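Welcome! Here is a short briefing to help you find your way around this structure. Take a look at the sequence and the model, and then read on.

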Amino acid sequence: MIEYRNITKRFGEKIAVNNLNMTLEKGTITMLIGPSGCGKTTSLKMVNRLVDPDEGDILINGESVFDLDPVKLRRSIGYVIQEIGLFPHYSVFDNIATLPRLHNWDEKKIKDRVYEVLDMVTLDESYADKYPSQLSGGERQRVGLARALAADPEVLLMDEPFGAIDPINRLILQQSFLEIQEEIKKTIIFVTHDINEAIQLGDKIAIMNQGSLVQFDTVSEILANPENEFVENLLGHDRNLKALSLKKARDYIKKEGYITVGPDVDKEAIRKELEEKDLVLAYIIDSRGRLKGRYYIDKAARKVDGRYPLVRETRPYHVERTTSLTETLSRMLEYGEKVLPVVSRNGRFRGVIDLDSIFEEVKQAGTAKGA
Amino acid sequence: MEFFSYFVTHSDLIADSIIRHFLLFLISMAFAIVVGIFLSIVITREGHEKVGQVILSITGASQAVPSVAVIALVFLFIGIGMKPALVALVIYSLVPIVFNATSGILSVDPGVLEAAKGMGLTKSQRLWHIKIPLAMPVIMSGIRSSATINIGTVTVAAIIGAGGLGDIIYTGLKLNRPEMIFIGAGLAAIIAILVDTVLMYVERKVTPKGLA
Ligand SMILES: Nc1ncnc2c1ncn2[C@@H]1O[C@H](COP(=O)(O)OP(=O)(O)OP(=O)(O)O)[C@@H](O)[C@H]1O
Ligand SMILES: [Mg+2]
């Protein structure tokens, strides 16, 4: 738990943060958002004492950070910045091992931990020996996150970590970030410029303007009851549609309307089973439960010998469990599919989501609002 | 013919001159490197980066001062002999080292330094594990150009009594004996090339992996 108590910070005449009071629950993500220069970074950096406030106190689990040695404090907090700040002369392994080494762990434990966090951010072991200059922006960002997680800190501070990543990779990173958080349950402060990112990732959102906290609440509460015009403008006109993005595919999974088959099942047998059950979709699942492809009876194609062709695809479109309904919808439109398989982060097949479920959800949101 | 006979008859003198030449170079470079890097670390301390910027413009400009001028000034204030020559050499070699080391350290990516600080590296860990290694290629190229200038200046320093191969050249000039000039100049050139080759190798060795 992190508590800001009456925190004020001035730079000369300029008040960067004005009497900030905010309590962040353990294990939650708080998104810090607001216009440029409103004091987000300054608020963040006061937690690990890169900036010291003029007034007020910050407590982590009831203990004032000002009673702690700054170096020790920083080593107990994960820190990720927009420029990532990977050490260019260190390999990926050495970058991640930095803090464990400062903590004097033995080499065996360090090695195990490095591979563990690499796996967490979905990078395989071959990345360990690479240097930052050999990585893509998204990979660098993952290594930055892995490095911050290496010493298993309870608190993570992230300052626009995905800010410099292109939109597509940013979506992927956000997805895996959520899945990682589901596993590790850290207390996270996450600064962003992007309201969609805030809605997508946050348990709570803290909205700042000119150094002051304007609204601090759960995402759905903020979407439903914006405090004032400033917040409304920040959320944008489509905030009802945005509410859809809070809902995750995992809550709309259906386990019917398709069959699953092993990778080596005979085509005729699949067709037979599909025709018997009056279905068109068969997902190929390997022995470890991972989605490997799909068969479908193509009713749009011309019949051959009086039957529609059975088509096999090895890389079917899919969504992940934590993909939002907005994103799921837009992928359905993009791919021209009414049904998409849902997989977990490690590629395991979990069921399907269909267009009707999403429409149902939109309809309900509409009625609830009218009522 | 005279060339060879001089070589044979004066082999002791030549050997002494080479050793003295090389010692002047080594001693003054060692001083310049230690003092130069120490100075650069001091003037680039966190929170004092402005000082570094000022020193950077001063050293940048003073690289244009010719070596003879520095030697002449040292002669005016300290006098003649091996010691004043060493002083002149150290001062003159300091400039490119301080210039490069300072600009190398100041140009380390602030994002990297901020991350290092935020992760809990102490001031000295940031200096020795981050700043110096990242500035190393620039520092080394400063040392290399300083060495090139130094070895050239050693020859000139003979005019204030430094000794070394420059002495043979000046004597040759005074006595109008071309073979002495050839030998002095040729050997000085060979030493300069050797030094540069060795340093080029060292430069490659000390550049951290991942920076290339
Ligand atoms: N070291 C500093 N010295 C002087 N002023 C500063 C310093 N750091 C921040 N400020 C000022 O304090 C205010 C808040 O800065 P801060 O970096 O916290 O904003 P921010 O919300 O993170 O902005 P951005 O979205 O652009 O990153 C700004 O007006 C900024 O100019
Ligand atoms: Mg900022």
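Let's begin with how the chain folds back on itself: among contacts in chain A between residues at least 6 apart in sequence, 60% join residues at least 24 apart. Please keep in mind that this is a predicted model. The points below go from the whole chain to the surroundings of ligand 1, and then to one sheet.

**The chain as a whole**

- Chain A is built with 13 helices and 17 strands.
- If you follow the C-alpha trace of chain A along its principal axes, it spans about 85 × 60 × 30 Å.
- Of the 371 residues in chain A, 50% are buried.
- Chain A has an accessible surface of about 17600 Å², and carbon and sulfur atoms account for 46% of it.

**Around ligand 1**

- Twelve names are worth finding in the model here: F11(A), K14(A), A16(A), S36(A), G37(A), C38(A), G39(A), K40(A), T41(A), T42(A), E160(A) and H193(A) are the residues around ligand 1.
- By character, the residues of this shell divide into 3 nonpolar, 6 polar and 3 charged.
- Two elements of chain A, β2 (14-24) and α1 (40-45), each supply at least two residues of the shell.
- The most comes from α1(A), which gives 3 residues to the shell around ligand 1.

**Polar contacts and cover of ligand 1**

- In the side chain of S36(A), an N or O atom is 2.5 Å from an oxygen atom of ligand 1.
- T41(A) has a polar side-chain atom 2.6 Å from an oxygen atom of ligand 1.
- For H193(A), the distance from a polar side-chain atom to an oxygen atom of ligand 1 is 3.3 Å.
- Ligand 1 would expose 640 Å² if taken alone, and the protein buries 61% of that.

**A sheet of three strands**

- As a bit of background, strands of a sheet pair through backbone hydrogen bonds, in either a parallel or an antiparallel way.
- In chain A, an open sheet of 3 strands follows the order β15-β16-β17, and its pairing is mixed.
- At the edges of this sheet stand β15 (319-320) and β17 (349-354) of chain A; each has a single partner strand, so one side of each is left without a neighbour in the sheet.
- Strand β16 (residues 339-343) of chain A runs antiparallel to β17(A), and 5 bridges join the two.
- To see this pairing residue by residue, find P341(A), which stands opposite V352(A) in β17(A).

Note on methods:
Residues numbered from 1 in each chain as written. Chains lettered and ligands numbered in written order. Predicted model: local features only at pLDDT ≥ 70, side-chain atom pairs only at ≥ 80, totals over all residues. Heavy atoms only, no water. Pairing = 2+ DSSP bridges. Helix = DSSP H or I, 4+ residues; strand = E, 2+ residues; numbered from the N terminus. Near = heavy atom within 4 Å. Polar contact = N/O pair within 3.5 Å; in protein donor to acceptor, adjacent residues only side chain to side chain. Areas by Shrake-Rupley, 256 points an atom, 1.4 Å probe, with all protein chains shown as cover. Nonpolar A, V, L, I, M, F, W, Y, C, P; charged D, E, K, R; others polar. Buried < 20%, exposed > 50% of the residue type's maximum accessible area, 1.4 Å probe, protein only. Contact = heavy atoms within 4.5 Å.
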